[in-house]
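Could you take me around this structure in the viewer, one selection at a time? I am new to it, so please tell me what to pick next and what I will find there.

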Amino acid sequence: MIAANDPALRSWVDVPAESDFPIQNLPFGIVRPADGEPRVAVRIGDMALDLAALHAAGLLNPAEFEAEDFATKSLNRILAKDKAAWRRLRDRVSTLLRHDNPSLRDNEQLRAACLLPVGELQMLMPVEVGDYTDFYSSIEHATNVGIMFRDPENALLPNWKHLPVGYHGRASSIIVSGQDVRRPVGQTRPNDSEPPQFGPTRLLDFELEMAFVTGAGKELGQRITSTEADDYIFGMVLFNDWSARDIQKWEYVPLGPFLAKSFASSISAWVVTLDALEPFRVAGPEQDPPVQPYLHTQGDKNIDIDLEVFIENEAFPAHRVSHSNFKYMYWNMAQQLTHQTVNGCNVRAGDMYASGTISGPTPDSYGSMLEITWRGSKPVDMPDGTQRKFINDHDTVIMRGTCRKGDVRIGFGEVRARVLPALEV
Ligand code: CA
């Protein structure tokens, strides 16, 4: 077992009972104090441990890390190291935070300098994303979309069960939780017998996804095998793949998603390490027909992450519209990364790979308004008496993810973004 995951561990830092961030989690992020520069931090309870200050005090594996690895505006320098280094760093932080370790606990001055209340910090993008891929790996989602837009008898396209379908998305418009999203404008063609129109999207949607972040991969021309893949995955975030359904419908033929997706994707601010998620592994669905040998994986490769989506508005508090789980994924992350590199495509530190919309088997577990309202035919009631087919201006969409096993609960916090009205056309 990974030592830092021991369910018996306790911290001298006070952690509220239902916190996503006990000592068994220790996710990494980039924080900026009101009067300071960005730096790498680890979350515990309602506090952020400033690793730049901790390193300056000589408490963080000084032989392995430099000051520049922590006094910086992204996790990329840490990502560029390897899994063994990531593990030693998290182990070291875990040791310093253990209830019985006095080195930081009993150093009042250093503790005050290193332990910052998260409420007083600005959370920045944790990663400088180089390349971004979006997969399409939920069989329930792919089936629902196939039924709605193609043929209910042949909802899945012939390739779907043989390879993890994906496309290359826009990395530069991935934004951190808390940033507003502007309703996009673009071309649509609501009526096939009339010319296309131009204006704000009428069908703005979220997609409930998770994404993983990679470390430095292999050189161009090399492959990452399915048994190696997990060693290249640093951690995960919640991912809202904002989608303009009417723009998407008109533009996507024949090359796939473009402007309907590239206006924004929102991620949670704390990157939960794959190590911290290991205790929550579960078996994935049976893959039938059998996948090709290069996609074979051994053992439990899915992860039990309970996922929720809420809509919030000035008129009502957060109202849950979906309750899904990452464990439903047909294709696991190791298969996705293996497939990404099977042609020799290189992987770099800070690349991001989103899962695709995570829908479960029942309507209350669907991961997009497109599916929840079945193309708008079944509007959802909100607490203030209004209804939603898609997302309105001034709505805030919130996603949360938690893992529980025995007495241990870890989570991702949330990804939250409010929709602003379109700029004038
Ligand atoms: Ca997507």
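Start by selecting β20 and β25, two strands that pair in the antiparallel sense over 7 bridges. This is a predicted model, so treat every stop as part of a prediction. To see one rung of the pairing, pick V309 and look for its bridge partner in β25, M399. As general background, strands of a sheet pair through backbone hydrogen bonds, either parallel or antiparallel.

Stay with β20 and colour residues 306-313. This strand is mostly covered, with 6 of its 8 residues buried. Now add β21, which pairs with β20 in the antiparallel sense over 7 bridges. A hairpin of 2 residues leads from β20 to β21. Select D306 as well, and you will find N325 as its bridge partner in β21.

Next, bring in β26 (residues 408-420), which is joined to β25 (residues 396-405) by 9 bridges and runs antiparallel to it. Here K405 stands opposite V408 of β26.

With those strands highlighted, zoom out to the whole sheet. In which order do its 5 strands lie? The order is β9-β26-β25-β20-β21, in an open sheet with mixed pairing. At the edges are β9 (181-182) and β21 (316-325), each pairing on one side only.

Now for the metal: select the calcium ion and show its protein donors, D134, E207, E209 and D241. Their donor atoms lie 2.2 to 2.4 Å from the ion. Along the chain, the donors follow the spacing D-x72-E-x1-E-x31-D. D134 sits in strand β6 (residues 132-135) and E207 in the loop between β12 (204-205) and β13 (208-214), so this pair ties together parts that are 73 residues apart in sequence. Are D134 and E207 buried or exposed? Both are buried.

From there, select helix α7, residues 139-149. The helix is mostly covered, as 8 of its 11 residues are buried. Among the buried ones are I139, H141, V145 and M148. To see part of the cover, add α11 (369-372), which is included in what covers the buried residues of α7.

Move on from α11 into the loop that leads to β23 (380-381), where you will find W374. R375 has its place in that loop too. W374 has a positive phi of about 50° although it is not a glycine, and phi of R375 is near 65°, also positive. Most residues other than glycine have a negative phi, and most peptide bonds are trans. W374 is partly exposed, with a relative accessible area of 26%, and R375 is partly exposed at 41%.

Now look at two cis peptide bonds. One joins V253 and P254, with omega at about -5°; P254 lies in the loop between α8 (245-251) and β16 (265-267). Another runs from D288 to P289, with omega near 10°. You will find P289 in the loop between β18 (281-282) and β19 (302-303).

For the last stop, turn on the surface and select V185, F198 and V425. These residues form a nonpolar patch with about 310 Å² of accessible area together. F198 belongs to strand β11 (residues 197-200). Why does F198 count as exposed? Its relative accessibility is 56%, and exposed means over 50%.

Key: Residues numbered from 1 in each chain as written. Predicted model: local features only at pLDDT ≥ 70, side-chain atom pairs only at ≥ 80, totals over all residues. Heavy atoms only, no water. Donors = N, O, S within 2.8 Å, 3.2 Å for Na, K, Ca; no water. Helix = DSSP H or I, 4+ residues; strand = E, 2+ residues; numbered from the N terminus. Buried < 20%, exposed > 50% of the residue type's maximum accessible area, 1.4 Å probe, protein only. Patch = residues over 30% accessible without salt bridge, like charges linked within 9 Å, V, L, I, M, F, W, Y side chains within 5 Å. Areas by Shrake-Rupley, 256 points an atom, 1.4 Å probe, with all protein chains shown as cover. Salt bridge = Lys/Arg side-chain N within 4 Å of Asp/Glu carboxyl O. Contact = heavy atoms within 4.5 Å. Pairing = 2+ DSSP bridges.
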